[in-house]
Amino acid sequence: MNTALTILADGVAYASWLFIVALGLTLVFGVLKILNVAHGSFYAVGAYAAATFVAWFATWGFAPWLSLIALLLGSVAVAALLAPLTERGLLRVFYGRDEVLLVLVTYALFLVLEDLMKLVWGVNPYFVTAPYGLFGNVQIGGQSYVGYDLALVAVAITCGLGVWWGLNRTRAGKVVLAVIHSAEIAASMGVNVGRVYTFAFMFGIFLAALGGALTAPMISVQPGVSVAVVIVSFAVVIIGGLGSIEGAAIGALIVGMARSLAVHTWPPAELFSIYAAMAVVLIFRPEGLFQRVKARRI
Amino acid sequence: MRIIALAVSCLFAASASAQETFKLGIVSFLSGPAAESFGVPAVNGAKVVLEAFNKGQAPAPYNKTGFGGMRIEPVFVDENGGATKQVQELRNLYDREKVDAVVGYVGSGDCLAVAPAAEEMKKFLILYDCGTPRIFEDGQYRYVFRTASHAVMDNVALARYLKARGIKFSTVNYINQDYAWGHDSRNDFKAAAAQLFPGVKNQADLLPKFGAGQYGTEISALLSQPAELTHSSLWGGDLQAFILQAAPRDLFKKTQVVFSAADHVLPGLGDRMPDGVILGARGAYGLMSPKSALNDWWWKLYSDAYKTYPVQAPYRMVQSLLGLKLAVEKAMAANGGKKPTGEQIAAALKGSEWESPAGKIRMALGDGHQAVQDTAIGRTKYDAAKKMVTLVDIQRFNADCVNPPNGVKGEDWIKGGFKGAKCD
Amino acid sequence: MKKTAAMGLAVLAALLAGGLLAPKWLLFLVTMSAANGLVSLGIVLMMRGGVVSFGQGLVFAAGGYAAALVSNKLGVSDALLLAAAGGGAAVLLAAPFAPLLARYRGIFFAMLTLALSMVLYGVLMKSESLGGSDGFNMRRPTLLGFSIPDAWSGYALYALVVTIAVLLSTAARVYFDSARGLVALAIRENELRVEYLGASVRRVMALDFVLAAFLGGVGGALAVMALGHIEPQFSYWTTSGEFVFVSILAGHHSVAAVFAASLVLELVRSFSSAYFPNTWQLALGLFLLIVIRFLPKGLGSLFNRFSRQAAP
């Protein structure tokens, strides 16, 4: 019983972390039709930005709980500065080109950001552990968990519900949905598609940076943070269906639970369990679990 | 003999033209996950030491300017990007940049890949850091050397430390990265523990992906089936993340954790590093380095330049450069004071020995191509007054106690009960 | 067809002669980029039908591991046999997936091929008998029963790789210009119409995938012979990404452009790595962006423009 509970708790905690990042990835794909390989780099920039803000807050002598605000500010800064710069300055040039070509553009961006981060923050590690102890520990099924890890579950649920509500229940959201459905028709109805793209990209990048910022307290922020994230969040999004929010949630849970199950019962399976799940889903549901099949144009 | 060689080389040093330079390729991680912990500190170490060599400011017998009067001109290359890129760039270094020697490579896969390339080109190569014993156990080389012990030493020393300190345990959990380094380290420790602690039971054997970052699930698994001892060869960012996430969940209080290569995270982690963790540094490096004039000089040189003390990566770099310096100068003397060829440097380095800040390095294995060195293991203790992690209960191990004899594979040596080991 | 063959021979003769004069480092770079170019040629083959594989690392690694294992375990050392073994192994591995993949298009084709290559990567990382993540080394091959002396090893491999590359790309050119090959272009434009005209789109796509696998496998085998080492990285997504980049850089109009693009990428990487050790990824990334921006149809479009101007 306790083992089952532990597997569940670990799976959900991991899935929450993954979901925050994957949600951003799927949102950007849904609206802009760009599979962003550099998503992991924005995650890393978010972690660095959070480290910088937490350090500033510490020098100003703010209370420790305010460091949570610093994490948030870090990701907002990335979304407000770096995201529009990337979208307007770089991606916009390539709109209308092949989807695969855009994957390559973001791959190039990934390479560029990797070195830019090094130029800005150097290679020495940053530690922002202050927020990690804020929530104490929680007992679940005979295991002691760090409260912060479980708080991430709440953040993930908030993000998911927020995005769902925003898209389906607000006017702005309906406009975004219209653009997702057909950018051309939306434009002819008077929607400023360019602006929708910019905001959607900013929000997607905000989620990536938030994922990084929230992870920063439990890791050492240093080069190489970005590499591992991107490939697992890819798997999540592919499993769930590119562009689908529910899909990202289910995909994250599948990956989280598969990983947790593997680690607790058969550790050697962990490395390729994710890719195998991805391949199986793609073979049986090529568009992912949650995507509608597009009509073929004659 | 060595003194004569040195004296002769002194005589000829003057005849080397002041214009002549020795071009040295240095390859290590300047980006990616290994940059922070291994690559950049090692390259930083190389920079200050080479500068000191060029100014002739290193202590005797390393006090000649440059390499025997030749000015050393380093060329740095990033090791990030996979073994294929390394083979190509190594060829470019020799053929296009015309370097006279290359010192480099942290990744074991990179070392395995570049060694045959250098051999084929008949160019001189020192592998300064990588851990896999396979290089000289499976292959034979004329132009390739490794100036540090391979990874068998690290885990044998850990097991011997536990034995010597009377630490009792009957169950072990493992957490190692899912690639060759992690697998090899786990296998070596498992085998060594089976020899020294018969009847030990191995429990969880976790292999998180390299660069995973999230260890919550693994920590739950380690805690749900706690063992008396937990072994890990994690390093760099992965190790730091693991410690940060495991400490609040009291893993370090519920089990004795042993790390095979963890010294490099101590300066960064500071008081976040739990007390009482037993760890190695892949040599008698950093806080476990022996007292000597050479070590004092090196420690000061590095600390003054980078405001932190040197850990394993720069130590391994400096020991390779010191060995190379003596070998080049010896070969130069044998070559009538002229710049030696790769072949002559190889002949000079083969089977040689020299003093390094971490003690004596002897090219004793792999037919004179693979070094052995002393090592040490210690236990962490945070010193609030100095605001740094210190190591206590440090115990040293002779090179011959923790390294296999020449011609014996590390794995076989452990499983055969450490035959020929000399511990005093 | 005769004209294509004659041109192939002329190019080959020029390359073999030029190799005698080139410095060693360039020779090796050309050898590697020709081997890699074969993999990208496979992608170009698929690109003509409108799909791009992001998982050619799968067949590249399959070919490489097969050649290295046949050499080490079975003692076969002849380079031509090893190259054939690499191509054959890749075809064997890819063929079962071909009918399945033939149904996919666009980003889904790209992602499924990526997933397959990553599964192979995971399996290789786990295979301790194959050296796990460190991989293993392979002896230098022999050529037509002769062992290659050290001094000539670079040139011999260069000659071998260049010869195979020219032969296979001439064959590819012939295939591209054949009726069956041209169907792919029609599929790229509109596959429903092609179906109505009576051709089987899936059969063409499946065949192209298998042919691409053969090219990738031969490329992998040649690369491992030149490198002397193989590791799971061959199947990693970044490796596949570089093959795709070369195909995009080349465009699907010219076969020669594929090899030119492959060489350009290696040169840029090599020089930026040597001269900007701290920012070589930045330099490489900017180079990719500039190329994608200013050469939308690839290097091949340049070639075609020049040849059209020369012979109106």
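How many residues does the contact take from chain C, and how many from chain A? The views below, all from a predicted model, begin with that contact.

**View 1. Chain C against chain A.** The contact takes 33 residues from chain C and 31 residues from chain A. On the side of chain C that touches chain A, three helices each give two or more residues: H6 (106-126), H11 (237-250) and H13 (280-294) of chain C. H6(C) gives the most, with 14 residues. By class, this side of chain C has 25 nonpolar, six polar and two charged residues.

**View 2. Chain B against chain A.** Here 32 residues come from chain B and 39 residues from chain A. Four elements of chain B each supply at least two residues of the side that touches chain A. They are helix H2 (35-55), strand S7 (201-206), helix H8 (216-224) and helix H9 (236-246). The largest share, seven residues, is that of H8(B). The class split on this side of chain B is 11 nonpolar, 13 polar and eight charged.

**View 3. Two helices crossing within chain A.** Helix H1 (residues 2-32) and helix H9 (residues 225-240) of chain A have axes that come within 9 Å and cross at roughly 65°. The crossing of H1(A) and H9(A) is right-handed.

**View 4. Residues at the H1(A)–H9(A) contact.** H1(A) contributes Leu18(A), Val21(A), Ala22(A), Leu25(A), Thr26(A) and Phe29(A). H9(A) contributes Val229(A), Val232(A), Ser233(A), Val236(A), Val237(A) and Gly240(A). Nine of the residues in this contact are nonpolar, three are polar and none is charged.

Key: Residues are numbered from 1 along each chain as its sequence is written. Chains are lettered from A and ligands numbered from 1 in the order in which they are written. This is a predicted model: local features need pLDDT of at least 70, side-chain atom pairs count only at pLDDT 80 or more; totals for chains, interfaces and linings use all residues. Two residues are in contact if their C-beta atoms, placed from the backbone, lie within 7 Å. Ala, Val, Leu, Ile, Met, Phe, Trp, Tyr, Cys and Pro count as nonpolar, Asp, Glu, Lys and Arg as charged, and the others, Gly among them, as polar. Axes are lines fitted to C-alpha atoms, for helices over the stretch in contact, and angles run from 0 to 180 degrees between N-to-C directions. A crossing is left-handed if the near helix is turned anticlockwise from the far one by less than a right angle, and right-handed if clockwise.
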